[in-house]
Amino acid sequence: MQADLELFQKLSKKLIAHEEKTGVVKPIKAEKLLNILDLDVSNNGLKREELESLLEEVVLSTPRTSTKLFFNQLFGGRNNKGTLGELLAVMLNNSMYTYKVGGPQVGIEKVIISKVCQMLNFGKNADGTFPPGGSMSNFMAMLMARDAYDRDIKFNGVSEKMIIYTSSASHYSITKNAMFGGIGINQIRKIEVDQFGKMIPEALQNQIETDLKAGLKPFFVNATAGTTVLGSFDDINKIHNVTKNYRGLWLHVDGAYCGSVIFSKSYKHLVDGVEKADSFSFNAHKMLNVPLSCSIIITKEKHNLKHSFACEADYLYQTDGDEYNLGKTSLQCGRRNDALKFWTLWKSVGTEGLERMVDRQFQLAETARNYVNNHPDYELYSYGDSISICFNYKNVDPKDLCNSLYEDGKLMVGYGEFQGKIFVRLVTINSNNEADDILNFFKVLEAYVEEKESELVTI
Ligand SMILES: *Cc1c(COP(=O)(O)O)cnc(C)c1O
């Protein structure tokens, strides 16, 4: 093991050196991957030196999500303390289903959940868990809502048309979850958004009334704190003003992207009213820069978690009470330890440190928006109070621009679409970045367009 730990260190150091030198990698064409790298497995194992050099080759040709030129998705940067916690979790290799196997790690998970419950003002009956990502957090919320609407569904299955409401700008996991949960895609109502990408509460109200008149069963409203493209925040108070009038209508807040604003005194107003929701989720692997994946779902009444997810298994639960056997409130059985990395970070920087990370991202977003606004070759499509900056440069087609930048190994950024307009979406989620790194993003992009002007598609 010692030799492999040393190899790990050696490879990590090489990776970091390459990250600093070159930023992102020039990608290997997907169709050529198996010709270029020896990825296939065979009967005979490799010699140590062969494995070592192959590992190095694979590591160094993998996309570099932690560099200052990666702005592609809603995560980025390498948080030292988060990474340390993650590495320790791998060494410990606990499973979080029981206290017998998790020990103090169970306490770590419980402390984080209870602290977040307090921050949300969710009251003394609140509880939560760490699902394997934000999509699964939304799934757990939907299942709790379904089972709270009719407590016999878990025995009988779904036999009525139960209706889901979510904005047209919400995450696609709502659609997938409607498929998995026995609700059906046809029972999703995509509620219209305003020009800022926020769900229109009157449109929600009208749709609920229409569905009730048709004899359908509204049961779940999903509000979003940070939509995936524009980074918009639905108005939770206004949405709750609608949902509170209907029996059994659950309000979930999907804060996977930007729910971490709860850690910032300056930005938590963006989720004002969250204490009125039935459940709330956020991804610490997004704004808090903890390694993938680290998602938390909190619900106001812990009996809903138990009702939807607890099952007896005498081969598993053999010691301690349900309070400490966290498998009683999780989707899966064996469950990796996603709490330790978040706790290691939180302990090391304190809540104030987490706040600084969130605030930094909004400051970087401000830098980017100012740059775009002050340069006539740019057009801005997004708004303030968001860490997504959506823009187009000159008349360059955003799809072609993003894809070419990627193929030439210059930088990684993606494009998005809102109300028929397609644009580049820059995400300032890496709180290791400084204002200069954001300005450098524009410098790289502009130099690239200058160099490739004749080849790039225009709109
Ligand atoms: C990222 C995201 C999700 C999904 O989270 P995963 O951890 O990728 O499954 C859900 N909702 C929103 C708004 C997101 O931005």
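Let's start with one residue, Thr329, which sits in the loop between H12 and H13. Before going further, please keep in mind that this is a predicted model.

So, is Thr329 buried or exposed? Thr329 has a relative accessible area of 8%, and because buried means under 20%, Thr329 counts as buried. Which residues does Thr329 touch, if we skip those up to four places away in sequence? The list is Thr129, Met140, Leu305, Lys306 and Phe309. Take Phe309 from that list: Thr329 and Phe309 are 20 residues apart along the chain, yet their C-alpha atoms are separated by 5.2 Å.

Now let's step back and look at the whole protein. How many helices and strands are there? The protein has 15 helices and 12 strands. The C-alpha atoms fill a box of roughly 60 × 55 × 45 Å along the principal axes. For 459 residues, a compact globule would have a radius of gyration near 23 Å, and the protein has 23 Å, so the two agree.

What about the inside and the outside? Of the 459 residues, 51% count as buried. The protein exposes about 21500 Å², and carbon and sulfur atoms supply 50% of that area. As for charge, there are 52 positive and 57 negative side chains, and the centres of these two sets lie 4 Å apart.

Here is a number about how the chain meets itself. Take the contacts between residues at least 6 apart in sequence: 73% of them join residues at least 24 apart.

Next, the domains. The protein is divided into domain 1, residues 2-65, domain 2, residues 86-343, and domain 3, residues 353-452. The centres of domain 2 and domain 3, taken over C-alpha atoms, are separated by 30 Å. The contact between them takes 26 residues from domain 2 and 26 residues from domain 3.

Let's look at a helix, H14, which covers residues 398-407. Which of its residues are buried? They are Pro398, Asp400, Leu401, Cys402, Ser404 and Leu405. It helps to remember that an α-helix has 3.6 residues a turn, so residues three or four places apart point the same way. With that in mind, try finding Leu401 and Leu405 on your screen, both of them among the buried residues of H14. What covers the buried residues of H14? The cover includes strands E10 (388-393), E11 (412-418) and E12 (421-427), together with helix H15 (435-452). Just after H14 comes Gly409, with a positive phi of about 65°.

Two more buried residues are worth a visit, each in a helix. Ser137 is in helix H7, residues 134-149, and at 0% relative accessibility Ser137 counts as buried. Beyond its neighbours within four places in sequence, Ser137 is in contact with Pro131, Ser281, Ser295, Ile296 and Ile297.

The other one is Asp359, found in helix H13, residues 339-374. Asp359 is buried too, with a relative accessible area of 15%. Leaving aside neighbours within four places, Asp359 is in contact with Ser264, Ser266 and Tyr267. Now compare Asp359 with Leu316: they are 43 residues apart along the chain, and their C-alpha atoms are separated by 43 Å.

Then there is Phe75, in the loop between strand E1 (70-71) and helix H4 (80-92). Not counting residues up to four places away, Phe75 touches Thr65, Phe70, His285, Leu292 and Ile429. Phe75 and Asp211, by contrast, are 38 Å apart from C-alpha to C-alpha.

Leu292 brings us to some backbone details. Most residues other than glycine have a negative phi, and most peptide bonds are trans. Where do we find a cis peptide bond? One joins Leu292 and Ser293, with omega about -15°. Ser293 is in the loop between strand E7 (279-283) and strand E8 (295-299).

For positive phi, we can look at two aspartates. Asp320 has a phi near 65° and lies in the loop between helix H12 (302-309) and H13. Asp320 is partly exposed, with a relative accessible area of 46%. Asp385 has a phi near 55° and is in the loop between strand E9 (378-380) and E10. Asp385 is partly exposed as well, at 37%.

That's my tour, and thanks for listening!

Conventions:
Residues are numbered from 1 along each chain as its sequence is written. This is a predicted model: local features need pLDDT of at least 70, side-chain atom pairs count only at pLDDT 80 or more; totals for chains, interfaces and linings use all residues. Side-chain values use heavy atoms; hydrogens and water are left out. Helices (H or I, at least four residues) and strands (E, at least two) are DSSP runs, numbered from the N terminus. The radius of gyration is taken over C-alpha atoms; the globule rule is 2.2 Å times the number of residues to the power 0.38. Buried means under 20% relative accessible area, exposed over 50%, partly exposed in between (1.4 Å probe, protein chains only). Contact means heavy atoms within 4.5 Å. Accessible areas come from the Shrake-Rupley method with a 1.4 Å probe; for residues, only the protein chains shown count as cover. Lys and Arg count as positive and Asp and Glu as negative; His and the chain ends are not counted. The place of a charge is taken as NZ of Lys, CZ of Arg, CG of Asp or CD of Glu. Domain bounds come from an automatic or database domain assignment.
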